[in-house]
Amino acid sequence: MHERSRAKWFFVGPGILWVLAFTIFPLLYSLRLAFMRARLGQPQTFNGLKNFGRAFSDYRFWNSLEVTIIFLLASVVLTVSLGLGLALLFNRPMRGQRVFRSLFTMPLFAAPIAMGYLGLTIFHEQVGAVNTVLRALGMVNLPPWFSDVWLARLTIVLVDVWQWTPFCFLVLLAGLQGLPEEIYEAAALDSSSGWDTFRFVTLPLLAPVLFTVTMLRMVEAVKILDIPFSMTNGGPGAATQTLSFYIYLTGLRNFNAGYASALAYLLLVMVLIISLFFFNRLRQIYE
C-alpha cells in the first residue's frame, strides 16, 4: 500500500510542479509586481496603487480597452452566429458531411500568428489577393485595408472569425445532435412552423451550449494579441492595439513590468466579470 502511494506521487508530482512553476508562481509574482515600481535595470520599490491609478488616467489604456471591446463584440457575434447557422444547416444527413467537417476545421488548428500573416497576405493593399481580384474586376479606388482605421479593424475581425467559426460550429452541431427527437416530432404534429420550432424548441434546449460557447469565445477574444501583432502591428496608429497588445508593449518593449502587471490584472478582472456573468446565466437556466 505504501509503494502504491509513492507510485501515485511519482505520476502526479510532475503535474503539480508544472502548475506551481508556470501558473501559481507567475500569478503571485506578477501580483507583487503590480504594486511595485519595477523597470528593467532599476531597483524595485513599493508603489502602492499608483500603477492602477495610472491606468485610469492613461489614454492609451482607454483606447486599447475600446478597441478590445469593439473587437470582442464584433468577433463573438459573428463567430457564434455563423457557427449556429452552419450547425443548423448541417444538422441533417447529407453527402460529404465528414469531408466538409475535416476541411472546415483546418483554420482552427493553425497558429493565430500564422493566420495573421496569412491575413496580411490576403488583404495587402498592393499585391493582396482581395485587391488583386477587385482590380481585375475594374475597381479603381481600392480599399485601403491597413490605412483606414475601421477597415483595419474589420480585417482583424474577419481573420479571427475565419479561425474560430469552426469551433463554434462543431460544438453547436454536437449540441444540436444531442437534442431529443421526440420534441421535434411533437412540434411537427402541432404543425409548428420552422421559425417557431427554432425559437421555442431549439433555442431553449440549446441555450446551455450556446452560453458556454459564447463565454469561451468572449474569454478568448478579450485576450487577442497574435493577429493584430502580425497583421497590422497595432496600426494605423493605435487603431488595432488591443489591451493585450498594450500590455505586451508596456512590459516587453518598454520594460515597465510593474505597470504591465497592473494592466494584466485589470484584464484578468475583466475576464472574470465576463465569466461570472455567464456562469450566473447558466445557473439560472439549469435551475
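In this protein, residues 24 or more positions apart account for 67% of the contacts with a separation of 6 or more, where contact means heavy atoms within 4.5 Å. The model is a predicted one, in which local features need pLDDT of at least 70 and side-chain atom pairs count only at pLDDT 80 or more, while totals for chains, interfaces and linings use all residues. Residues are numbered from 1 along each chain as its sequence is written, and side-chain values use heavy atoms, with hydrogens and water left out.

Now the general layout. The secondary structure comes to 12 helices and two strands. Helices (H or I, at least four residues) and strands (E, at least two) are DSSP runs, numbered from the N terminus. In order from the N terminus, the elements run α-β-β-α-α-α-α-α-α-α-α-α-α-α. Taken along the principal axes, the C-alpha atoms fill a box of roughly 75 × 75 × 35 Å. Of the 287 residues, 39% count as buried. Buried means under 20% relative accessible area, exposed over 50%, and partly exposed in between, with a 1.4 Å probe and protein chains only.

Next, the core. How many residues has the largest nonpolar core? There are 52, and those with the most contacts inside this core are Phe61, Leu72, Leu172, Met231 and Leu263. A nonpolar core here is a set of buried Ala, Val, Leu, Ile, Met, Phe, Trp, Tyr and Cys residues joined through side-chain atoms within 4.5 Å. The elements giving two or more residues to this core include helix 2 (50–56), helix 5 (112–123), helix 7 (149–177) and helix 10 (226–231). Helix 12 gives the most, with 11 residues. To take one of the core residues, Met231 is in contact with Gly116, Gly119, Leu120, Phe123, Phe146, Thr155, Ile156 and Val159, leaving aside its neighbours within four places in sequence.

Let me turn to helix 11. Eight of the 11 residues of helix 11 are buried, among them Leu243, Phe245, Tyr246 and Leu249. Just after helix 11, Phe255 takes a positive phi of about 60°.

Which helix 3 residues meet helix 11? They are Arg60, Phe61, Ser64, Leu65 and Thr68, and on the helix 11 side the partners are Leu243, Tyr246 and Leu249. The residues of this contact divide into five nonpolar, two polar and one charged. For these classes, Ala, Val, Leu, Ile, Met, Phe, Trp, Tyr, Cys and Pro count as nonpolar, Asp, Glu, Lys and Arg as charged, and the others, Gly among them, as polar. An α-helix has 3.6 residues a turn, so residues three or four places apart point the same way. The axes of helix 3 (residues 59–89) and helix 11 (residues 243–253) come within 7 Å and cross at roughly 145°. Axes are lines fitted to C-alpha atoms, for helices over the stretch in contact, and angles run from 0 to 180 degrees between N-to-C directions.

Ahead of helix 3, Ser57 is found in the loop between helix 2 and helix 3. Ser57 is exposed, with a relative accessible area of 62%. The C-alpha atoms of Ser57 and Leu120, 63 residues apart along the chain, are separated by 33 Å.

Last, the empty spaces. On a 1 Å grid over the protein atoms alone, a cavity is a set of points where a 1.4 Å probe fits but cannot get out, and a pocket is an open set with protein on both sides within 12 Å along at least five of seven lines; lining residues have an atom within 4 Å of a point. Grid points are joined across faces, edges and corners, and a volume is the space filled by probe spheres set on the points.

The count comes to one cavity of 30 Å³ or more. About 70 Å³ of space lies in the largest cavity. Its lining includes Val67, Phe71, Arg153 and Thr240, and helix 3 and helix 7 each supply at least two of the lining residues.

The largest pocket has a volume of about 290 Å³. Among the residues lining the largest pocket are Leu88, Arg92, Glu181 and Phe198. By class, that lining has five nonpolar, three polar and two charged residues.

The second largest pocket holds about 160 Å³. Thr23, Pro26, Leu27, Ser30, Ala264, Tyr265 and Leu268 line the second largest pocket. Which helix gives the most to this lining? Helix 1 does, with four residues. The lining of the second largest pocket has five nonpolar, two polar and no charged residues.
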